[in-house]
Amino acid sequence: METQVNQSTGNKKRPLIIGLAIIAVLAIGATAYAMFIDLSPRELYLKSELNTFKALNESFEDSFGDALALQEKQREEAYKSEARVGVEVDPAMFGAGGMEAMMIGSILSNSEIKMTTQHDPKKEEGSAGVSLTMNNTDLVKADFYQNNKQTAVSVPAAYDKNVYFPNNQFGDVMRKFDPSYEGMEKLENFFKAIEGDVSEEARDEAFQEFAKVYADSVKDENVTMKDDVDFKGEKLRELTVSLSEKETKTMLVNFIEKIEKDDEILDAIAEQTALQGGLQTGMMAPTGNMSKEDAKKELKKVLADAKKGINDDLQIPGGMKQVVIIDGDDKVVSRDLSMKIGANGEEAVPMNYKSESWTKGDVTNSSWVLNAGPEGETLLVDVKMESEPKGKDGKKRDIKAKFEMTENGTTEGIGFHIKGEGTDKKSKWTANLVPAGDAPMELPDMTIEIEHTGDQNLDKDYANHDYKVTLTGNDATMGDINVGLNIKTKTTFGEKLKFLELSEEKAVNVAEMSDAEMMGMMSEIQRNIEQFVGENASMFQGF
């Protein structure tokens, strides 16, 4: 039978080591953009990596094309997006809990959360709103608005005016509420930062540059070829790529230096870092006070420290070796990468990554296995997927994965099983937790089911996606569980966006308030909240 093959511990230095190991694995996906004639083993290897990457990219776009296209349009054009979330609860779930539990169930079943997002990327302003609706009536709502100069908040149930302040006076405003405040002085524009991704053109250019770095790291003498290697009943070509410790470290340093020289990538990371309040360093949380400019400087320092760590502390005894098998279309169908990685004065930690992808008939089988860690303390990640066409433009997939940790002779783990089928217009998936390891964790009897229907036409400026998420199972204390979420989303482009008004009649600048005015506002907010709770006492009594 013919088989068609196609693509497919405790030490402070350990986080750096793990990070570098991940970089090394990802580096294998980088390829050279070039056309080859009379291919040498090196040229054939680089071509096969490029072909494999292109095939994976096409597969990714086939699976998530609608979502990627919508995201790209949202980065470029003004839009309004609404999401309504409703809860379905089986009343029998609350029967044993008495009247109070039944009241909670009734409230949940008759409630809906509405979330609205508006964003104009060209003007760099946006808003996010959330409201709680009961029996089709808004009970309470809140809105957040921001541009490059100001931030505003509106909660009508608490205060009848919109409250705003200049972004560069955020620290002063916080000290009005807490004199001991020591945090971020300037508030970054969340909407600008969230949408501040690297452009698609810049990503393509960066990929080509990183691919070139990797291609230049692989010399003719690093690659050997062997013909007629058996793989799933086929005789294919096997390529072995071996890099010494020095060559591997040089490659890693060259990758870091490429990032250091790419301002667009640095700016995008720095913007996100400033939004999060600073860099995460070791076990220390972000300081909460870092501008984009400071974040970029700190990022450059981190990259410089990483280079120094590679040159001075990193050990990769034996270097990095990978064996790939390629099919007749010059695509990688099997990969086996191994290396040991550690720091000076430590025992190097073995790491091995294997992947396969092959097709028999209409069914494609893929697997990805990662083993890492010193002897007796290994981490195993094992993912297997079976996929096949289903109807017109559809796919059927069955995914099994497990995560296991072995320590002191005992292997503990957890796994999951996902299966489903459909298209980007309509699909249905189920997921279950499953035991793993020789000392499996005690897992709840739960099944999550997700149904999706989509109606998207970006040429006509709309995208509607609905999801139904259902959790069913059994719990020792609650009995049978049956809870569902109905999520309806609607995104439109081209409409005139309406943001919070910040005129003197509609809003107050909290940064300019005197202490007396601030106390007056806080007193009014307290009275309004007490009144709101009193008017809705029956709902709050349920909780």
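Leaving aside its neighbours within four places in sequence, which residues is Met-225 in contact with?

**View 1. Surroundings of Met-225 in strand β7 of the predicted model.** Met-225 belongs to β7, the strand that covers residues 223-231, and beyond its neighbours within four places in sequence it is in contact with Pro-41, Leu-44, Arg-237, Glu-238 and Leu-239. Of these partners, Arg-237 is twelve residues from Met-225 in sequence, while the C-alpha atoms of Met-225 and Arg-237 are 7.0 Å apart in space. Met-225 has a relative accessible area of 39% and is therefore partly exposed.

**View 2. The largest nonpolar core, with Leu-239 and Tyr-45.** This core comprises 34 residues, and Tyr-45 and Leu-239 are those with the most contacts inside it. At least two residues of the core come from each of the helices α2 (41-76), α6 (200-217), α7, α8 (263-275) and α9, and likewise from each of the strands β8 (234-243), β10 (320-326) and β11 (332-343). When residues up to four places away in sequence are not counted, Leu-239 touches Pro-41, Leu-44 and Tyr-45, then Val-223, Thr-224 and Met-225, and also Gln-322, Val-323, Val-324 and Ile-326. Another core, of 16 residues, lies apart from this one and includes Ala-511, Met-513, Met-518 and Ile-525.

**View 3. Helix α7 against helix α9.** The axes of α7 (residues 245-260) and α9 (residues 292-312) come within 10 Å and cross at roughly 170 degrees, which means that α7 is roughly antiparallel to α9. On the α7 side, the contact is made by Lys-249, Leu-252, Val-253, Ile-256, Glu-257, Ile-259 and Glu-260, which meet Lys-300, Leu-303, Ala-304, Ala-306, Lys-307, Ile-310 and Asn-311 of α9. Sorted by class, the residues in the contact of α7 with α9 are eight nonpolar, one polar and five charged.

**View 4. Strands β15, β16 and β17 and their hairpins.** Strand β15 (residues 395-407) pairs with strand β16 (residues 410-422) in the antiparallel sense over 13 bridges, and Met-405 has Glu-412 of β16 as its bridge partner. Two residues lie between β15 and β16 in the hairpin that these strands form, and Asn-408, in the turn, has a positive phi of about 55 degrees. On continuing along the chain, β16 also pairs in the antiparallel sense with strand β17 (residues 426-437), here over eleven bridges, with Ala-431 of β17 as the bridge partner of Ile-418. The hairpin formed by β16 and β17 has three residues between the strands.

How values were computed:
Residues numbered from 1 in each chain as written. Predicted model: local features only at pLDDT ≥ 70, side-chain atom pairs only at ≥ 80, totals over all residues. Heavy atoms only, no water. Axes fitted to C-alpha atoms, helices over the stretch in contact; angles between N-to-C directions. Helix = DSSP H or I, 4+ residues; strand = E, 2+ residues; numbered from the N terminus. Parallel < 35°, antiparallel > 145°, perpendicular 65-115°, else oblique. Contact = heavy atoms within 4.5 Å. Nonpolar A, V, L, I, M, F, W, Y, C, P; charged D, E, K, R; others polar. Core = buried A, V, L, I, M, F, W, Y, C linked by side-chain atoms within 4.5 Å. Buried < 20%, exposed > 50% of the residue type's maximum accessible area, 1.4 Å probe, protein only. Pairing = 2+ DSSP bridges.
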